[in-house]
Amino acid sequence: MEQVTTIQDELVLRLRNKDQQAFSQMYYQYSTSLLGVISRVLGNDMELARDVLQESMVKIWNNITSYDSSKGTLFTWMLNICRNMAIDKTRSRMYKNQQKSQSIDTNPMLENYLQDIPKPETIGLKKMLEMLDPSQREVVDAVYLMGYTHVEAAEKLSIPLGTVKTRLRNAILELRKYFN
């Protein structure tokens, strides 16, 4: 039997044992932050963002055994799944066609809803990123908050792809010093 050392470890163990209450706890704890990141990638299409969040949560539930705490926190692992699913959605043909035929002001309630989504500052992300070198912070922001792929971030920032990957890796190593 696995030894549980933290609350997060206990949650992961319960999720691996398919404890539905643990899933509810995880959803309650993380869904709002994850929805905020997904909506940024999708251009604030909240209906689609909720769908992607739902699909992501099912994927997390089904793949929790692949989570490795030595590679990062549960939140970071879930964030990557959600972000990747949102990016995949933007690359799909259906999404591109929908964006072409959709009006800019399709949802007047969107502005009110977005005010309720936690900003990175409310989950401590901004403070964490302040610990990084500005060049690292710029790459982390492009890839993890704006949803760019490594190639897209390199193009947007006008730097080589290898530099993007190196800065991301160094940023992760730097952040681990503070949070491990």
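**Which residues in helix 2 meet which residues in helix 4?** On the helix 2 side they are Met26, Tyr30, Ser33, Leu34, Val37, Ile38 and Val41. Helix 4 answers with Leu74, Phe75, Met78, Leu79, Cys82, Arg83, Ala86, Ile87 and Thr90. The model is predicted.

**Figure 1. Overview of the predicted model.** The protein has ten helices and zero strands. Read from the N terminus, the order is α-α-α-α-α-α-α-α-α-α. The chain counts 180 residues, and 36% of them are buried. Take the contacts between residues at least 6 apart in sequence: 61% of these join residues at least 24 apart.

**Figure 2. Confidence across the protein, with helix 3 and helix 6 picked out.** Mean pLDDT is 80 for the protein. A value of 70 or more is reached by 77% of the residues. Among the elements, helix 3 has the highest mean pLDDT, at 92. Helix 6, residues 110-115, has the lowest, at 51.

**Figure 3. Helix 2 packs with helix 4.** Their axes are 9 Å apart, and the packing angle is about 35°. The crossing is right-handed. Met26, Tyr30 and Leu34 are among the helix 2 residues in this contact. Phe75, Leu79 and Ile87 are among those of helix 4. By class, the contact divides into 13 nonpolar residues, two polar and one charged.

**Figure 4. Helix 3 crosses helix 4.** Helix 3 spans residues 46-63 and helix 4 residues 74-91. The axes come within 9 Å of each other and cross at roughly 130°. This angle makes helix 3 oblique to helix 4. The crossing is right-handed. Helix 3 makes the contact through Leu48, Val52, Glu55, Ser56, Lys59, Ile60 and Asn63. Helix 4 contributes Trp77, Met78, Ile81, Cys82, Met85, Ala86 and Lys89. The contact has nine nonpolar, two polar and three charged residues. Met78, Cys82 and Ala86 of helix 4 also take part in the contact with helix 2.

**Figure 5. Helix 1 against helix 2.** The two axes lie 8 Å apart, at an angle of about 130°. The helices are therefore oblique to each other. Helix 1 passes helix 2 in a left-handed crossing. From helix 1 come Leu11, Arg14 and Leu15. In helix 2 they meet Gln21, Ala22, Phe23, Gln25, Met26, Gln29 and Tyr30. Six of the residues in this contact are nonpolar, three are polar and one is charged. Met26 and Tyr30 also appear in the helix 2 contact with helix 4.

**Figure 6. Asn17 and Lys18 in the loop between helix 1 and helix 2.** The loop joins helix 1 (7-16) to helix 2 (20-41). Asn17 counts as exposed because its relative accessibility is 58%, and the cut-off is over 50%. The C-alpha atom of Asn17 is separated from that of Thr65 by 9.5 Å. Along the chain, Asn17 and Thr65 are 48 residues apart. What is the sign of phi at Lys18? The phi of Lys18 is positive, about 60°, although Lys18 is not a glycine. Most residues other than glycine have a negative phi. Lys18 counts as partly exposed, at 40% relative accessibility.

**Figure 7. Ser158 in the loop between helix 9 and helix 10.** Helix 9 covers 150-157 and helix 10 covers 161-179. Ser158 also has a positive phi, of about 55°, and is not a glycine. Is Ser158 buried or exposed? Ser158 is exposed: its relative accessible area is 64%, so the residue passes the cut-off of 50%.

**Figure 8. Ala153 within helix 9.** Ala153 counts as buried, at 0% relative accessibility. The cut-off for buried is under 20%. Which residues does Ala153 touch, not counting those up to four places away in sequence? They are Ala142, Val143, Tyr148 and Val164. The C-alpha atoms of Ala153 and Asp141 are separated by 9.4 Å. Ala153 and Asp141 are twelve residues apart along the chain.

Technical notes:
Residues are numbered from 1 along each chain as its sequence is written. This is a predicted model: local features need pLDDT of at least 70, side-chain atom pairs count only at pLDDT 80 or more; totals for chains, interfaces and linings use all residues. Side-chain values use heavy atoms; hydrogens and water are left out. Axes are lines fitted to C-alpha atoms, for helices over the stretch in contact, and angles run from 0 to 180 degrees between N-to-C directions. Angles under 35 degrees count as roughly parallel, over 145 as roughly antiparallel, 65 to 115 as roughly perpendicular and the rest as oblique. A crossing is left-handed if the near helix is turned anticlockwise from the far one by less than a right angle, and right-handed if clockwise. Contact means heavy atoms within 4.5 Å. Ala, Val, Leu, Ile, Met, Phe, Trp, Tyr, Cys and Pro count as nonpolar, Asp, Glu, Lys and Arg as charged, and the others, Gly among them, as polar. pLDDT is the predictor's confidence in each residue, from 0 to 100. Buried means under 20% relative accessible area, exposed over 50%, partly exposed in between (1.4 Å probe, protein chains only).
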